[in-house]
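Okay, thanks everyone, I'll keep this short. Have a look at the slide and then we'll walk through it together.

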Amino acid sequence: MTDIRLYMLQRISAMILAPLIVGHIVTMIVAVQDGLSAAEILGRTQGSLWWGLFYGLFVAAVSVHAAIGLRTVAFEWLKLKGRALDMLGWIVFAGLLALGGRAVAAVVL
């Protein structure tokens, strides 16, 4: 992918992440202040389509954003280029998406 497309994709993922992060933090603060335990929180999310979509989108946006960011760091610090740089980006993306998706599925399904 061209650098400008990656730049734009990372900025778009940041715009998606900003309200999701705020929503996550607010939800966690409210839940903890209401005295809910982790088990009670997980019990309430079980089977919820809303929370599945919320955190599914969160995981997808984080995966894109972080993979592009780490790709840029690898280019600048490790001097990776070409196919090796592209493969690193795809591997990071796939790994984050798989791990995050598994976590969302475990909590929601």
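So, to kick off: is G47 buried or exposed? Keep in mind that this is a predicted model. G47 turns out to be exposed, because its relative accessible area is 62% and the cut-off for exposed is over 50%. As for where to look, G47 is in the loop that runs between α2 and α3. Now look across from there: the C-alpha of G47 is 8.4 Å from the C-alpha of V107, although 60 residues separate the two in sequence.

There's a similar pair right next door. Q46 and A106 are also 60 residues apart along the chain, and their C-alpha atoms are 8.7 Å from each other. A106 belongs to helix α4. With a relative accessibility of 57%, A106 goes down as exposed.

Okay, on to α3. This helix covers residues 49-77. Does the length make sense? Let's check what the rise per residue says. At 1.5 Å a residue, 29 residues should give a span of 42 Å, and the end C-alpha atoms of α3 sit 41 Å apart, so the two agree.

Which residues of α3 are buried? Here's the list: G52, F54, Y55, F58, V59, A61, S63, V64, A67, I68, R71 and A74. Yes, there's an arginine in there, R71. And what do these buried residues pack against? That would be α1 and α4.

Let's take those two neighbours in turn, α1 to begin with. Helix α1 is residues 3-33, and its axis comes within 8 Å of the α3 axis, with a crossing angle of roughly 140 degrees. That makes the pair oblique, because roughly antiparallel needs an angle over 145 degrees. The handedness of the α1 and α3 crossing is left-handed. If you sort the residues of that contact by class, you get 17 nonpolar, seven polar and two charged.

I pulled out two α1 residues to make this concrete. One is L6, which is located in helix α1. L6 counts as buried because its relative accessible area is 11%, where the cut-off is under 20%. Leaving aside residues up to four places away in sequence, L6 touches M1, I68 and R71. You'll remember I68 and R71 from the buried list of α3. Also, from L6 to L70 it's 12 Å between C-alpha atoms, and the two are 64 residues apart along the chain.

The other one is Q10, again in helix α1. Q10 is buried too, at 13% relative accessibility. What does Q10 touch, if we ignore residues up to four places away in sequence? H65, I68 and G69. So I68 turns up in the contacts of L6 and in those of Q10.

Now the other neighbour. α3 and α4 have axes 8 Å apart and pack at about 160 degrees. That makes α3 and α4 roughly antiparallel. The crossing here is right-handed. In the contact of α3 with α4, the classes come out as 19 nonpolar residues, six polar and two charged.

How do you get from α3 into α4? Through a loop, and K79 is in it. What's the phi of K79? Near 60 degrees, which is a positive value for a residue other than glycine. This comes just after α3. K79 is exposed, too, as its relative accessible area is 59%.

Last stop, α4 itself, residues 82-108. Same length check: 27 residues at 1.5 Å a residue should span 39 Å, and the end C-alpha atoms are 39 Å apart, so that agrees. The buried residues of α4 are L85, G89, V92, G100, V104 and V108. And what covers them? The cover includes α3, along with α2, which is residues 38-45.

To pull it together: the buried residues of α3 pack against α1 and α4, with α1 oblique to α3 and α4 roughly antiparallel to α3. Happy to take questions.

Methods. Residues are numbered from 1 along each chain as its sequence is written. This is a predicted model: local features need pLDDT of at least 70, side-chain atom pairs count only at pLDDT 80 or more; totals for chains, interfaces and linings use all residues. Side-chain values use heavy atoms; hydrogens and water are left out. Helices (H or I, at least four residues) and strands (E, at least two) are DSSP runs, numbered from the N terminus. Buried means under 20% relative accessible area, exposed over 50%, partly exposed in between (1.4 Å probe, protein chains only). Axes are lines fitted to C-alpha atoms, for helices over the stretch in contact, and angles run from 0 to 180 degrees between N-to-C directions. Angles under 35 degrees count as roughly parallel, over 145 as roughly antiparallel, 65 to 115 as roughly perpendicular and the rest as oblique. A crossing is left-handed if the near helix is turned anticlockwise from the far one by less than a right angle, and right-handed if clockwise. Ala, Val, Leu, Ile, Met, Phe, Trp, Tyr, Cys and Pro count as nonpolar, Asp, Glu, Lys and Arg as charged, and the others, Gly among them, as polar. The expected span of a helix is 1.5 Å times one less than its number of residues. Contact means heavy atoms within 4.5 Å.
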